[in-house]
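Here are a few exercises to work through with the model open in your viewer. Try each task before reading on to its solution.

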Amino acid sequence: MIPDPLYDEARLQEIADLDLLSPDVDPILKDVARQAAERLGLPVSLISVVLDEALHVAAIQGPEGLWLDETRGHPVEWSFCATSVRTREAFVVENAETHPEHRSNPLVTQDGVRCYAGVPMISSRGFVLGNVCVVGLETREFTGGEIEVLRGLAAEAVRRIEARRTR
Amino acid sequence: MLSPPPGTARLPGYDLREPSEDDARASLQRVFGPDRGAELWARACREAGLLPGQVRTTAQLDRAVKALSSQGGSASVVARSMEIRLRTFARLAATAERQGR
């Protein structure tokens, strides 16, 4: 049986080595989150770090008053981003209400999430750290070009994160 | 007065159970295996002035998680997961209470 990368100690150690849970990361990545939301025209964008049992919000762009902004994370079983840790690929949900994995997700049933697109941030050591993602409250299609925009922003986020390691 | 034991309350709508000591131990064992997981938890409890298996309140669990976090490395990442789960439960429970749910 292939072990679940979500619980891989080496991946979690990489997150610690990169000091990704520090509040210092927010100002470094905030601008990347802002660009993702603006360029895809969606209200919310996150730079997520996927931990073993929770998603940690490293940076967020979105309206004031989101509970996520206060908790800076949520349980991993609600996480759209966890899929990319397992597949190492982009993950897109165009209609969350009909999506087999997410139609009963509380972020959908309670908070109104309807669409999601995320691209993994993969460190130079090969570990998936989390995603650059956008979230919307209406169903929406995503083009290949838009996923490429997110891919570019994910690469930029990793570059900024790893620049801190080499300092 | 002690707060109710963690792990019993459940949030309607979100189907989220209040985190308990058992959840913390299970998380550590999933990542580090049974022996190292138990050892890390015992150390966290000791540093928090608690006995493993007798972390009964949310405040005590919070203290043990903080002690785990101070161990650094991947243990601190697991601790952050627990902290997020505790914080999410508290935040959403407070909203539910305000709304009378």
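## Exercise 1: Around strand β6(A)

Start from one pair: A:A117 sits opposite A:V134 of β6(A). Keep in mind that the model is predicted.

**Task.** Which residue is the bridge partner of A:S45 in β6(A), and which strands of chain A pair with β6(A)?

**Solution.**

- Step 1. Look for A:S45 and go across to β6(A): the partner there is A:V134. That residue also stands opposite A:A117.
- Step 2. Take the β1 side. Strand β1 of chain A covers residues 44–50 and β6 of chain A covers residues 128–136; they pair in the antiparallel sense over four bridges. Another pair to check here is A:I47, opposite A:V132 in β6(A).
- Step 3. Take the β5 side. β5 of chain A, residues 115–122, pairs with β6(A) over eight bridges, again in the antiparallel sense.
- Step 4. Inspect the turn. The hairpin of β5(A) and β6(A) has five residues between the strands, and A:G126 takes a positive phi there, near 95°.
- Step 5. Check burial. Nine of the nine residues of β6(A) are buried, so the strand is largely enclosed by the rest of the structure.

## Exercise 2: The whole sheet

**Task.** In what order do the six strands of chain A lie in the sheet, and which are the edge strands?

**Solution.**

- Step 1. Walk across the open sheet and you get β3-β2-β1-β6-β5-β4 in chain A, with antiparallel pairing.
- Step 2. The ends of that walk are β3 (73–75) and β4 (91–93) of chain A, and each of these edge strands pairs on one side only.
- Step 3. Now for the twist: neighbouring strands are turned by 25° against each other on average, with direction ignored.
- Step 4. Put the sheet back into the chain. Chain A has six helices and six strands, and along the sequence they follow α-α-β-β-α-β-α-β-α-β-β-α.

## Exercise 3: A helix with a buried face

**Task.** Which residues of α1(A) are buried, and what covers them?

**Solution.**

- Step 1. α1 of chain A runs over residues 9–17, and A:R11, A:L12, A:E14 and A:I15 are buried in this helix.
- Step 2. View the helix down its axis: the buried residues of α1(A) fall within an arc of 150°, so they line one face of the helix.
- Step 3. See what lies over them. The cover includes β1 and β6 of chain A, together with α1 and α4 of chain B.
- Step 4. Finish just past the helix: α1(A) is followed by A:D19, which has a positive phi near 55°.

## Exercise 4: Where the chains touch

**Task.** How many residues of chain B are in contact with chain A, and which element of chain B gives the most?

**Solution.**

- Step 1. Count both sides: 22 residues of chain B are in contact with 20 residues of chain A.
- Step 2. Sort the chain B side by element. α1 (21–32) and α4 of chain B are the elements that give two or more residues.
- Step 3. α4(B) gives the most, with 13 residues.
- Step 4. Sort by class: the side of chain B that touches chain A has eight nonpolar, eight polar and six charged residues.
- Step 5. Place the helix. α4 of chain B, residues 73–98, lies across β2 (54–61) and β3 of chain A, running at about 90° to β3(A).

## Exercise 5: Overall dimensions

**Task.** What radius of gyration does chain A have, and what does chain B have?

**Solution.**

- Step 1. For the 167 residues of chain A, a compact globule would have a radius of gyration near 15 Å; chain A has 15 Å, which agrees.
- Step 2. For the 101 residues of chain B, the globule value is near 13 Å; chain B has 14 Å, which agrees.
- Step 3. Along the principal axes, the C-alpha trace of chain A spans about 40 × 40 × 30 Å, and that of chain B about 40 × 30 × 20 Å.
- Step 4. Add burial: 46% of the residues of chain A count as buried, and 38% of those in chain B.
- Step 5. Look at contacts with a separation of 6 or more. Residues 24 or more positions apart account for 61% of them in chain A and 50% in chain B.

How values were computed. Residues numbered from 1 in each chain as written. Chains lettered and ligands numbered in written order. Predicted model: local features only at pLDDT ≥ 70, side-chain atom pairs only at ≥ 80, totals over all residues. Pairing = 2+ DSSP bridges. Axes fitted to C-alpha atoms, helices over the stretch in contact; angles between N-to-C directions. Contact = placed C-beta atoms within 7 Å. Nonpolar A, V, L, I, M, F, W, Y, C, P; charged D, E, K, R; others polar. Rg over C-alpha atoms; globule rule 2.2 N^0.38 Å. Buried ≥ 20, exposed ≤ 12 C-beta atoms within 10 Å, placed from the backbone. Arc of directions from axis to C-beta.
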